[in-house]
Amino acid sequence: MLASPKKLRRFVAGVTIGIVSVGALAVLPAGAQSTSGVNISGSSTVEPITSLVAEQYAGKNPKVSVRVDGPGTGDGFKLLCEDSIDIADASREIKSEEAAACQGKGITYTELPVGIDGLTIIANKASKMKCVDSEQIYGLFGPESDGTFATAQALATELGSTNTPLPTSGSIKKFTPGPESGTYDSFIELGYKDEIETRLKEGKVTTVVDEEGEEVAKEPVVSDGQFPNDNDIARRVTATKNGIGFLGYAFYSENKENVKVISVLNSDTGTCVAPNAATIGNGTYVLSRTLYIYPNNAKVAANADVKGFLNFYITKKSLTATVKDAGYVPLPAATITTIISTWKALAG
Amino acid sequence: MSTPDIAISQRITTQRALRGRKVDPANIIFEIALILSLLTSLGFVILLLATVFSDGVGVFQERGFGFFTSNLSRIPEQAGIAQALFGSAALAVIVVLVAFPLGITTAVYLEEYAPDNKFMTLVRLNIRNLAGVPSVVYGLLGLAVFVKLLGTDMAGGTGITGGRTIISGGLTLSVLVLPIVVITSSEALRAVPASLREGAYGVGATKWEVTKKLVLPNALPGILTGTVLSLSRAIGETAPLILVGAFYGTFFTTGDTGTLGKFTTTYTALPQVIYQWATEAQSEFNVELTSAAICVLIGLTFVANIAAILLRNRYEKRW
């Protein structure tokens with residue numbers, strides 16, 4: 001078909017005018033006031049709980065703007081201490097250097113526990129592994145599990161493991177989160193903190209000097225693949241013979257039928273405990289960790305939206321039913337009562 | 001496989017008859033290799049479309065229009081892409097407003113007005129290089145210029161782009177596709193035969209008259225095709241938007257800001273939503289909703305590409 005330049009020009013002119021008018025409308029309100037709203041960031045583990053609460057809150061308060069995202073616990077504290085967000089989600093307590101950053105900016109915060117998560121060690125379905133103690137966890141994932149020892153069990157035995165030895169198998173493939181994740185830090189803290197400290201003192205671990213000038217393990221978790229997304233860990237373990245890994249309990253629950261869960265020895269009772277709502281809730285499963293939110297105190301006082309949101313969050317209903325809906329375990333009833341009174345004191 | 005095989009054998013028979021029954025094995029092997037590579041790439045595309053569609057079709061059946069009109073949600077049965085569609089559409093409008101006029105006028109200058117010297121050669125070479133720069137780099141540029149520099153004023157308040165807003169995102173994508181718009185427009189302008197220009201000059205037309213009345217109208221179909229295609233590239237970008245602050249999480253609301261206020265608050269776009277949903281724990285998110293959103297994104301780019309082809313066929317002029 002031959003071009004009819006006139007028609008084409010008219011067409012283009014029409015489209016241009018249409019687009020320009022829409023665009024002008026778009027640019028006009030650029031200077032308009034935005035409402036204060038509630039801005040939350042931090043742990044991707046806590047994000048499902050906070051999102052669910054936020055959604056219920058927004059349903060009842062349609063005028064308030066709320067945003068929740070989950071780049072990671074460390075990122076959340078950084079944003080909180082830069083005064084960029086109102087509330088930080090965290091899957092561990094704030095570290096001293098993070099607290100110092102907040103103090104430097106004159107930002108005060110309140111730590112409010114909201115639920116419990118169980119770090120879950122998973123293995124490929126074909127694995128014969130059943131139960132591990134802390135020495136064996138160190139042997140499987142710790143800084144010396146990089147091939148220095150012939151088997152994970154050899155390392156665990158040297159550390160004095162008395163648990164049933166790990167089944168012999170080919171070379172183990174490990175899939176884990178990365179160091180930016182709160183899950184990674186918690187796993188070291190809960191899994192083999194004592195072991196790693198002892199071995200560091202004995203000079204058995206390759207170290208680097210961290211920002212604080214302290215000697216820390218160069219590679220505290222040895223991994224054959226680090227994934228920010230827990231689903232990827234589950235998928236890799238499912239697909240890899242001799243694959244093992246660890247992830248949040250909620251992600252394990254979603255992948256239950258594809259992987260094998262490994263019990264963890266409770267050294268106080270001497271029994272092997274598998275993670276489930278009951279054992280995570282009462283702490284007999286030792287790899288349990290508390291999940292927190294850290295509201296900025298000044299924002300609670302100044303921003304009615306933040307206060308209203310937390311009034312809705314820190315309630316019996318949100319801290320039990322919603323936490324369960326998100327796939328986590330609620331705190332004990334007595335703890336919830338304490339947290340509610342802590343919040344009431346802060347809110348005034 | 002059977003149809004191309006028959007076609008090959010028929011052609012081979014003819015060739016043999018012509019060349020006195022001499023067989024050229026290299027020719028046959030090469031032809032088979034070509035067909036195999038075609039089938040391989042075609043196979044992957046079909047496989048991708050089939051898996052995405054079969055995983056996502058359930059969402060469209062169950063939710064219907066609800067999927068397009070619902071906002072983001074933590075509850076898979078309620079989650080929808082309304083906010084993402086709004087964001088992607090708004091970003092596209094900004095790209096059309098900013099990148100297209102800038103890119104096309106740049107191309108007109110380069111092709112019609114610019115002197116032919118070493119400096120202009122360098123400029124042209126650089127524009128070609130810019131088209132190959134990874135999109136993350138444009139994200140960093142957008143973060144530095146539109147979010148930080150233009151997003152804050154001297155007093156530390158909000159600047160003209162408003163910081164991490166849809167305006168900053170749209171401007172970043174505009175810069176990203178600018179080199180592509182310039183290159184495709186230049187090529188369209190170059191395709192207009194020199195004889196046409198010379199004829200016009202011969203009867204005393206000025207450069208502006210030639211450009212306005214002859215070159216631009218005749219190059220417009222090609223320019224349109226290129227720009228529409230670059231728009232579909234902009235719609236599919238994820239990395240730069242994450243850097244300039246497009247929302248990447250499972251839930252946000254913008255409160256009572258109204259439609260216009262949405263340009264200055266939290267926003268998201270389709271690729272962001274796909275990226276977020278793919279990382280969720282539940283398979284409702286990471287398989288079904290993700291696939292459904294991918295179907296929508298593929299659908300949108302498909303429509304844009306069809307539009308480009310139709311525009312070209314409608315107005316194309318053969319010389």
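Domain bounds here come from an automatic or database domain assignment. The structure is a predicted model, in which local features need pLDDT of at least 70, side-chain atom pairs count only at pLDDT 80 or more, and totals for chains, interfaces and linings use all residues. Residues are numbered from 1 along each chain as its sequence is written, while chains are lettered from A and ligands numbered from 1 in the order in which they are written.

**Exercise 1. Describe how the two domains of chain B are placed and how they touch.**

Step 1: chain B is divided into domain 1 (2-63) and domain 2 (66-315).
Step 2: the C-alpha centres of these two domains of chain B lie 35 Å apart.
Step 3: count contacts, where two residues qualify if their C-beta atoms, placed from the backbone, lie within 7 Å. Eight residues of domain 1 of chain B touch nine residues of domain 2 of chain B.
Step 4: sort the domain 1 side by class, with Ala, Val, Leu, Ile, Met, Phe, Trp, Tyr, Cys and Pro as nonpolar, Asp, Glu, Lys and Arg as charged, and the others, Gly among them, as polar. That side has four nonpolar, two polar and two charged residues.

**Exercise 2. Work out how α6(B) and α7(B) are oriented to each other.**

Step 1: identify the helices, which are DSSP runs (H or I, at least four residues; strands are E, at least two) numbered from the N terminus. Helix α6 of chain B covers residues 135-149 and helix α7 of chain B residues 166-190.
Step 2: take the angle, which runs from 0 to 180 degrees between N-to-C directions of axes fitted to C-alpha atoms over the stretch in contact. For this pair in chain B the angle is about 135°, with the axes 9 Å apart.
Step 3: classify the angle (under 35 degrees roughly parallel, over 145 roughly antiparallel, 65 to 115 roughly perpendicular, the rest oblique). α6(B) and α7(B) are therefore oblique to each other.
Step 4: look at the contact, where residues including Tyr138(B) and Phe146(B) of α6(B) meet residues including Leu171(B) and Val175(B) of α7(B). The contact residues comprise seven nonpolar, five polar and no charged.

**Exercise 3. Repeat the analysis for α3(A) and α4(A).**

Step 1: helix α3 (residues 73-81) of chain A packs against helix α4 (residues 96-104) of chain A at about 20°, their axes being 8 Å apart.
Step 2: α3(A) and α4(A) are therefore roughly parallel to each other.
Step 3: Phe77(A), Leu80(A) and Cys81(A) of α3(A) make the contact with Glu98(A), Ala101(A) and Cys102(A) of α4(A).
Step 4: by class, this contact of α3(A) with α4(A) has five nonpolar residues, no polar and one charged.
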